[in-house]
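Q: I'm new to reading protein models. Could you walk me through this one, feature by feature?
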Amino acid sequence: MTSAPYTPMTPAEVRDLRDSLDKQGKKLVFTNGCFDLLHAGHVRYLNQARALGDAMVVALNSDASVRELKGPTRPINHECDRAEVMAALRAVDAVVIFGDPRATSLIETIRPHVYAKGGDYTVDSLNPEERAALENVGAEIKILSLVPGRSTSSIIERMAAPETSHKPLRLGVLGSGEGSNLHAILDAIDSGRLNAEIAVAISDQADSRFLQIAKEAGTPAVHVQGGHNPRRFLDAAQAEIAGHLQAAEVDVVVLIGFMRILKEPVLSLYAGRIVNVHPSLLPKYKGANAVQMALDEGELETGCTVHLVTDEIDAGRILAQAKVPILVGDTAAILHQRIKKQEHQLLPQVLAEWKQS
Ligand code: GRF
C-alpha cells in the first residue's frame, strides 16, 4: 500500500487549529528552523518544545530560504521531504513551509500561545522584528537548550571525512579527589558509549584516589607539584601541565574535581576545549562550596553543570545541566553523592557528543 506524500498546512489552517485549541483553553506551540537532516538533537529539542503546550506547529524554511541562510549546497533534502519526515514525528502536529527570511508574518497570522527557540539565543538576542511580533500576539517565549555536539553540519562533516570522525577523542583529565567522575568516563569508554581514550591524567595530589584509578586503568598518570596554596598553582606548574597535555596530544581537557585554578598557558592553548563539571545549576552557586550553598539557601532543587572553562571561575558557556531534588534531611555529603550520580551520566554524554573542530 502506498500513501500520498504529506501536504503541509497553510498558515490559515494552522490559525484554525490554534483557534480551536484556544477555545478549549489549550495551547499551540510554534517553532521554526531548517531541519535538513533530522538527528537525535532535533528530536529531543522538539519533544521538549511540544511539552510546553498541547499541540505544536513547526515552520520549516523553504529550500530557497535554507540556501540563503546556509549556502548554495544546502538543503540536502527537498522541502517536501523535510516536511513529510517532520510531520511523522510524535511531537509534531502540523508543518508549514515559509520562504521569508523572518517568521514575523507567520507569527502574526498563526498567533501561537508559546514560541520555542533553541540554541545560544536569549530573549534579548532574538530578532527584534520577530520578538515584537511575538509580544504583540502575546506569545510566551521559551528558550530551550540544544543538545551539544548534534548538528546537521557535523553529520555532513562526518560523512565527508569518516576517518577523522572515528578517531577516539583524546582526553586530558585533571582531578584532585575521589575520582568518581574519572571512573564514570572509563566505564563509558569500556562500554562503547564514549569513543575516547584518557591520553593523560594529571593531579596535584600525589596520593589521591583519582590518580590511583587512572593508574589501575593503565592510563598515563602524573603528579604535578602545585605549591603550598591549595587553590592556586605556581606558574611553573601551569607550564608543566601544558607540557603534559601537549605531549599527550590531548583534544579536550576535562576538569573533574580539580581544586586549583587553571591559568595560562593552558587556557589559551585549549580555548573552547576545556570542560569542567560543577555541582550546582550554574550560574547559581559558583565556587568550592556550591552544594552547601544550595542547602543554606533553602533551595528545593540543585544539580550539576558541565561548562567550558574560561579565566572567570565557573562562568564559561554552559554545555549541559541536570537537576537533582533536595530532600528533607539532606546533608551536603548526602546531596553531593546524589549530584555526582547525575554528573556520572552527564559528563560522558557531553564528551560523547563533542564535536571536534
Ligand atoms: C564533583 O562533584 C564535581 O562537580 C566537582 O568536584 C567533584 C569531583 O568528584 N567539581 P570526583 O572526584 O569525580 O568524585
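A: Sure! Let's start with helices and strands: here they are DSSP runs, at least four residues for a helix and at least two for a strand, numbered from the N terminus. With that naming, we can say that Tyr285 is found in the loop between β10 and α13. One thing to keep in mind is that this is a predicted model.

Q: How many helices and strands are there in the chain?
A: There are 14 helices and twelve strands. The chain has 357 residues, and 46% of them count as buried. If you draw a box along the principal axes, the C-alpha atoms fill roughly 70 × 50 × 40 Å.

Q: Back to Tyr285, then. What is the sign of its phi?
A: Tyr285 has a positive phi of about 60°, although it is not a glycine. As for burial, the cut-off is under 20% relative accessible area. Tyr285 has 14%, so it is buried.

Q: Where does Asp314 lie, and what is its phi?
A: Asp314 sits in the loop between β11 (301-308) and β12 (318-325). Its phi is positive too, about 55°, and Asp314 is not a glycine either. With 11% relative accessibility, Asp314 counts as buried.

Q: Which peptide bonds are cis?
A: The angle to look at is omega. The bond from Glu264 to Pro265 is cis, with omega near 5°. Pro265 belongs to the loop between β9 (252-255) and α12 (266-269). Another cis peptide bond joins Leu282 and Pro283, where omega is about 10°. You'll find Pro283 in the loop between β10 and α13 (290-296).

Q: How do I read a pair of aromatic rings?
A: You describe such a pair by the distance of the centres and the angle of the planes. This structure holds one aromatic pair. The ring centres of Phe30 and Tyr115 are 5.9 Å apart and the planes are at 25°, so the pair is stacked. Phe30 is in strand β1 and Tyr115 in strand β4 (residues 114-118), 85 residues apart, which lets the pair link distant parts of the chain.

Q: Are Phe30 and Tyr115 buried or exposed?
A: Both of them are buried.

Q: Where does His39 lie, and which backbone nitrogen does its side chain reach?
A: His39 is in the loop between β1 (28-33) and α2 (40-50). The His39 side chain reaches the backbone nitrogen of Gly41 at 3.1 Å. His39 has 12% relative accessibility, so it counts as buried.

Q: Is His223 buried or exposed?
A: Neither! His223 has a relative accessible area of 32%, so it is partly exposed. You can spot His223 in strand β8 (residues 221-223).

Q: What can I learn from C-alpha distances?
A: You can set spacing along the chain beside spacing in space. His223 and Ser154 are 69 residues apart in sequence, and their C-alpha atoms are 36 Å apart. Now take Leu245 and Tyr270: they are 25 residues apart along the chain, with 9.5 Å between their C-alpha atoms. Leu245 is part of helix α11 (residues 235-247). Its relative accessibility is 0%, so Leu245 counts as buried.

Q: Which residues surround the ligand?
A: Among them are Gly177, Glu178, Ser180, Asn181, Val277, His278, His336, Lys340 and Glu343. Three elements, α9 (180-190), β10 (274-278) and α14 (332-352), each supply at least two residues of this shell. The most comes from α14, with three residues.

Q: What polar contacts does the ligand have?
A: Look for N or O atoms close to each other, where the cut-off is within 3.5 Å. One ligand oxygen is 3.3 Å from a polar backbone atom of Glu178. A ligand nitrogen is 2.9 Å from a polar backbone atom of Val277. An oxygen of the ligand also comes to 2.7 Å from an N or O atom in the Lys340 side chain.

Q: How much of the ligand's accessible area does the protein cover?
A: On its own, the ligand has 370 Å² of accessible area, and the protein covers 91% of that. The space taken by the ligand is the second largest pocket.

Notes
Residues numbered from 1 in each chain as written. Predicted model: local features only at pLDDT ≥ 70, side-chain atom pairs only at ≥ 80, totals over all residues. Heavy atoms only, no water. Buried < 20%, exposed > 50% of the residue type's maximum accessible area, 1.4 Å probe, protein only. Polar contact = N/O pair within 3.5 Å; in protein donor to acceptor, adjacent residues only side chain to side chain. Phe/Tyr/Trp six-rings, centres within 6.5 Å; stacked < 30°, edge-to-face > 60°. Near = heavy atom within 4 Å. Areas by Shrake-Rupley, 256 points an atom, 1.4 Å probe, with all protein chains shown as cover. 1 Å grid on protein atoms, 1.4 Å probe; cavity = no way out; pocket = protein on both sides within 12 Å on 5 of 7 lines; lining within 4 Å. Sits in = over half its atoms within 2 Å of the grid points.
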